[in-house]
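The following exercises are to be worked with the sequence and the coordinates at hand. Each task is followed by a stepwise solution.

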Amino acid sequence: MSEVVKVERHDAVAIVTIDSPPVNALSAAVRKGILEGVKSASADPQVQAIVLACAGRTFVAGADITEFGKPPQSPSLHEVITLIENAPKPVIAAIHGTALGGGLELALGCHFRVATKDAKLGLPEVKLGLLPGGGGTQRLPRAVGPELAVKMIVTGEFVSAQDALKNGLIEEIVDGEPAVGGEAFARKVLAEKRPLRKLRDDDSKLAAAKADKSIFTNAAAAANKRNRGLEAPLAAAEAVSHALDMPFDEALKTERELFLKLMNGDQSKAQRYAFFAEREAAKVDVPAGTKPRKVEQVAIIGAGTMGGGIAMSFANAGIPVTLIETGEEQLKRGLGVMQKNYEATAARGGIPADAPAKRMGLIKGVVGIENVKDADLIIEAVFETMAIKKEVFGKLDQYAKPGAVLASNTSYLDINQIAAMTKRPQDVLGMHFFSPANVMKLCEIVRAEKTAPDALVTAVNIAKRIAKVPVVVGVCDGFVGNRMLAARGKQAEKFLFEGALPQQVDGVVTKFGIPMGPFAMGDLAGLDIGWRSRQDRGIKSEIADAICEAGRFGQKTGKGYYKYEAGSRSPLPDPEIEKLIQETLAKLGLKPRQIDDQEILERMVYPMINEGARILEEKIAARPSDIDVVWLYGYGWPIYRGGPMFYADQVGLKKVAERLSFYAKQTNDPSLEPASLLKRLADEGKTFASLAKGA
């Protein structure tokens, strides 16, 4: 028998156990082992029932995605499922942990399914730009009905064991060891002489939607509401619809065709790349065996928008947090905003009704920085000026206990200067959260010159604990994300002086798939912030300054680059802005020109790629994929485009470099000349991805 699959016989019941850590993925060896195990148990005259279970922490958590793109190896998952489905004896899947993707499809091929009470079941292939390719689009609708099936498959969301039981996905919730519970259920099946249920032959749950197609189309439309630009969710809904209007085997064939089309398409390649890039980003360059410090108590300084959002992230993960302000009024205001946010989420059904009280119970609001004394991790989230940050860290040095990790939530400032305010620079680093911090997944972890390896590992570890995606970056102005954003912002501003309007620039950016263009984003953040910053530094930007001088600060004043109707956040083009731009250009003696969308797209994206190349040259980011993770999770870069550096490889670095040189001359902007790394890779016909392979 296979090394990864074992068969044990307990008199009339054979237990087929998959043991392929860490997640029992369906590799070729596992598929072969299941096939042999079920075959041998089926052929054994003393065996009357078969239980399929897994060792370790989970049931099969999916396909082995390292096999994607490689020549298929026999047996296929289809062959394994067909063998199980046609077995002459009852086959029971005993699920614990997660049954995901191919794991759930395997279980759907069994005649019965049981699960432990904490199990989760789902078909999340859509998150890799795919659809279930092992019969999931056909068997799941027959198990739970087409409405829930299309929702699960199109969103990729899991269901709990309780919901699975309620909807007929499992027959029973079992206590204790899943294999033991599966065996007890198998004996019940034998004692009651239950007929074998092959989902492929049971259309009873399809009847209502077959009679009234709107039942399905409405469910599919609701599930697809937020999937702008994505191909896989639409293909998945189409595949599920075939359960209603095609014979099973024909629908299975079309499922396979749609799966292969998606797998060979650019979107799935980008989404699979993003999956691996996120895993890779968690790998930190520290000495082997470096352990994180213990973090049981967390303190956050500042109860404003960022501090409050960070505190909510910890409370959401069940970690108690002390929120510190300078006065009672600011503290009360901050806690009130958090309470309202939680209540609004609960009202929408995003969290249970009792969650606001439970989570607010984990946040202790206090006045005075001396209250950091018991914290293992302290995150400063005060106003973004160096003088204030330095003052806070000077005080932290007095009050924080030895060994506490001291983190600044700065988005631009030099962590080395901040660390120099303490006698413990080895404990200081950056933890740059993104707004709203309780929602956005990215955490840029800034490694300063003297940051100790164990402090760095602690920050990475805690970011993961609070469901953030950590990316370690080096110290420079704006780190990775904001430094690249500044390169885009510079071009966006120049477009206005060349004759483009905000809505044209933003329209190109949103059509590309980024949720918000630079001018709408400016209106959201508040234009007065940049205006004050320019005044402090003695910098002029005639159009942006004129807009602010007219009292147009963005959404908060109802007017900025766009106008906003009362109570609405939707940007509307404003003829006043068009007039203001024309008048400013006339005053400066500049003649507007027609600018096509392709130029806008290239000048919005290629300078960011160029800045990314400089970031790699300076070793601010360890890998091109780390830069992509920053943009995917911090700035809304569309996942189906994989990130700016991945996108550059798709376009071709030669083309990117040539267009940058062209625009550098056309706009008289030497900063657009290709970075030396980009130029070298382009000249050698290489990609950014080749850097990961040591090129």
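**Exercise 1.** In this predicted model, determine whether Tyr 663 is buried or exposed, and classify Phe 662 in the same manner.

*Solution.* Step 1: the relative accessible area of Tyr 663 is 3%. Buried means under 20%, so Tyr 663 is buried. Step 2: Phe 662 has a relative accessibility of 38% and therefore counts as partly exposed.

**Exercise 2.** Classify the geometry of the ring pair formed by Phe 662 and Tyr 663.

*Solution.* Step 1: a search of the whole structure yields 12 aromatic pairs. Step 2: for Phe 662 and Tyr 663, the ring centres are 5.3 Å apart and the planes stand at 70°. Step 3: planes over 60 degrees apart count as edge-to-face, so this pair is edge-to-face.

**Exercise 3.** Which residue lies over the face of Phe 512, and to which aromatic cluster does Phe 512 belong?

*Solution.* Step 1: Arg 641 lies over the face of Phe 512, 4.2 Å from the ring centre. Step 2: Phe 512 forms one aromatic cluster with Phe 434, Trp 631, Tyr 635, Trp 637 and Tyr 647. Step 3: a further charge, the charged end of Arg 603, sits over the ring of Phe 495 at 4.1 Å from its centre.

**Exercise 4.** Identify the edge strands of the sheet ordered 12-11-10-13-14-15-16-17.

*Solution.* Step 1: the sheet is open, with eight strands in mixed pairing. Step 2: strand 12 (363-367) and strand 17 (469-473) each have a single partner strand, so they stand at the edges. Step 3: on average, neighbouring strands are turned by 25° against each other, direction ignored.

Technical notes. Residues are numbered from 1 along each chain as its sequence is written. This is a predicted model: local features need pLDDT of at least 70, side-chain atom pairs count only at pLDDT 80 or more; totals for chains, interfaces and linings use all residues. Side-chain values use heavy atoms; hydrogens and water are left out. Two strands pair if DSSP finds at least two bridges between them. Helices (H or I, at least four residues) and strands (E, at least two) are DSSP runs, numbered from the N terminus. Axes are lines fitted to C-alpha atoms, for helices over the stretch in contact, and angles run from 0 to 180 degrees between N-to-C directions. Rings of Phe, Tyr and Trp (its six-membered ring) pair if their centres lie within 6.5 Å; planes under 30 degrees apart count as stacked, over 60 as edge-to-face and the rest as tilted. Buried means under 20% relative accessible area, exposed over 50%, partly exposed in between (1.4 Å probe, protein chains only). A charge sits over a ring if NZ of Lys or CZ of Arg is within 6 Å of the ring centre and within 35 degrees of the ring normal.
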